[in-house]
Amino acid sequence: MNRKLSYTLLLYIAGILAITTVVVVLLQKPYTFHGTVLNPPLPVTDFTLQTGEGETFSLSAARGRFVLLFFGYTSCPDVCPTTLAELRQVSENLGDDARNIQVVMVTADPERDTPEKMKAYVAHFDPNFIGVSGNLADLESLWEELGVFVEKEDTGSAAGYLVSHTSSVYVLDRNGDLILMFPYGTSAADIASDLSELLKQTEQ
Amino acid sequence: MKTRLIMILMLTATLLGACATTREMSIHDAWIRPSTMGNNSAAYFIIENGTGMDDTLLSVDSDIASATEVHLSMVMDGGVMSMQQQESVPVPTSEKVEFKPGGLHVMFVGLTQDLKVGDTITLTLNFENAGTRIVEVPIREP
């Protein structure tokens with residue numbers, strides 16, 4: 001083999017190596033979450049609330065799965081059904097992985113939302129969703145811990161009072177710690193993508 | 001001669017037709033969220049004011065709920081979602097006013113019937129200048 005040819009070959013190999021390195025580095029670029037990440041995750045005190053007649057839901061019972069908490073009320077015609085429909089879309093996008101997440105809607109209006117009403121309401125969207133209510137003190141301590149704002153507003157609507165409430169979706173990890181928050185309007189595709197990444201990172 | 005007359009008539013008709021479509025208060029892409037009797041729901045649509053005159057949506061009527069109101073959802077500080085009932089909605093000429101999730105919507109309080117996907121309901125929009133517009137609204141998922 002003459003010298004010129006071996007140089008060309010060397011350059012060729014060097015070029016391929018360089019391209020491979022760039023590709024590998026690019027592929028290893030850390031995933032950028034669409035939601036707001038809490039690092040370190042914030043521990044959330046275990047809670048037990050009511051869903052349906054005589055049934056309860058405890059955060060600790062969902063350990064091992066990711067819990068998506070959302071706060072709203074059943075008389076809400078716009079934002080709450082929009083979010084629930086989107087979370088149903090997230091579940092569909094996740095496919096089999098959806099068994100590792102649990103969507104829980106917590107009422108922001110315990111005065112009107114009974115546990116039965118919450119259960120029936122979320123079931124319209126997805127039979128696997130859990131809807132919970134409970135006594136005001138239990139709910140308030142959860143709202144407070146997560147920084148959820150809830151306020152009754154009298155607007156003259158025939159619906160009686162309306163409730164202003166934080167509309168974010170809170171993601172609790174497999175230990176029940178708050179790890180991610182999605183503001184209202186985050187697309188189902190972005191939420192599903194973040195959850196897939198979390199599931200992948202914490203595969204058991 | 002006869003052919004020419006027909007052609008002129010056709011042309012006039014086409015021009016009139018074009019005028020009619022541009023000089024309208026058009027309401028399109030309407031849909032309403034499925035729900036069940038006793039609960040609430042919301043409807044959305046796009047209003048395009050082609051009348052050449054500023055107008056105002058004064059109210060919306062339906063016979064599917066005990067009350068039909070216009071509300072606006074707004075995101076406040078810290079991601080708090082708040083809803084406000086609207087007395088009226090300005091619809092300026094040559095503009096599009098979009099009713100959409102998380103924004104303007106028609107709120108149905110206390111549905112007197114189930115809203116099943118695939119069915120349609122009738123809405124009446126009352127404008128200050130354009131008068132009444134009746135819209136057939138399909139019930140569907142977002």
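F47(A) makes a good starting point: with a relative accessible area of 10%, this phenylalanine is buried. The model examined here is a predicted one, and the description below moves from this ring to its aromatic partner, then to backbone features, the largest pocket and the layout of chain B.

Over all chains, the count of aromatic pairs comes to six. In one of them, the ring centres of F47(A) and F57(A) are 6.3 Å apart and the planes meet at 55°, so the pair is classed as tilted. The two partners come from distant parts of the chain, 10 residues apart: F47(A) sits in the loop between β1 (36-43) and β2 (48-50) of chain A, whereas F57(A) belongs to strand β3 (residues 56-58) of chain A. F57(A) has 6% relative accessibility and therefore counts as buried, the limit for this class being under 20%. The loop residue F47(A), at 10%, is buried too.

Another ring of chain A, that of Y161(A), has charged side chains over its face. R112(A) is placed over the face of Y161(A) at 3.7 Å from the ring centre. K152(A) also lies over the face of Y161(A), at 4.6 Å from the ring centre.

Turning to cysteines, the disulfide count over all chains is zero. A disulfide is a covalent bond between the sulfur atoms of two cysteines. Two cysteines of chain A can be described by their accessibility. C76(A) counts as buried at 3% relative accessibility, and C80(A), with a relative accessible area of 0%, is likewise buried.

The backbone offers a few details worth a look. In chain A, the peptide bond that leads from N39(A) to P40(A) is cis, its omega being near 0°. The proline of this bond, P40(A), is part of strand β1 of chain A. In chain B, D29(B) is not a glycine, yet has a positive phi of about 55°. This aspartate lies in strand β1 (residues 25-32) of chain B and is exposed, with a relative accessible area of 54%. S94(B) likewise is a residue other than glycine with a positive phi, in this case near 60°. Its setting is the loop between β6 (89-91) and β7 (96-98) of chain B. S94(B) counts as exposed because its relative accessibility is 67%, and exposed means over 50%.

The largest pocket holds about 260 Å³ of space. Its lining is made up of 20 residues, and those nearest the centre are H124(A), F125(A), P34(B), S35(B) and T36(B). By residue class, the lining of the largest pocket comprises nine nonpolar, seven polar and four charged residues. Rolling a probe the size of a water molecule over the atoms shows where empty space is left.

Three pairs of residues in chain A give a sense of distances across the model. A137(A) belongs to helix α4 (residues 136-146) of chain A and counts as exposed at 51% relative accessibility. From A137(A) to I16(A) the C-alpha to C-alpha distance is 65 Å, with their positions 121 residues apart in sequence. A189(A) is found in helix α5 (residues 188-201) of chain A; at 47% relative accessibility, this alanine counts as partly exposed. A189(A) and F149(A) are 40 residues apart in sequence, and their C-alpha atoms are 26 Å apart in space. I101(A), in turn, is a residue of strand β5 (residues 101-107) of chain A, and at 7% relative accessibility I101(A) counts as buried. The C-alpha atoms of I101(A) and H165(A) lie 23 Å apart, the two residues being 64 apart in sequence.

Finally, chain B as a whole contains one helix and 10 strands. Read from the N terminus, its elements follow the order α-β-β-β-β-β-β-β-β-β-β. Chain B has 142 residues, of which 41% count as buried. Within this chain, D29(B) in strand β1 is exposed, as is S94(B) in the loop between β6 and β7.

Notes:
Residues numbered from 1 in each chain as written. Chains lettered and ligands numbered in written order. Predicted model: local features only at pLDDT ≥ 70, side-chain atom pairs only at ≥ 80, totals over all residues. Heavy atoms only, no water. 1 Å grid on protein atoms, 1.4 Å probe; cavity = no way out; pocket = protein on both sides within 12 Å on 5 of 7 lines; lining within 4 Å. Points joined across faces, edges and corners; volume = space filled by probe spheres on them. Nonpolar A, V, L, I, M, F, W, Y, C, P; charged D, E, K, R; others polar. Disulfide = S-S within 2.5 Å. Buried < 20%, exposed > 50% of the residue type's maximum accessible area, 1.4 Å probe, protein only. Phe/Tyr/Trp six-rings, centres within 6.5 Å; stacked < 30°, edge-to-face > 60°. Helix = DSSP H or I, 4+ residues; strand = E, 2+ residues; numbered from the N terminus. Lys NZ or Arg CZ within 6 Å of the ring centre and 35° of its normal.
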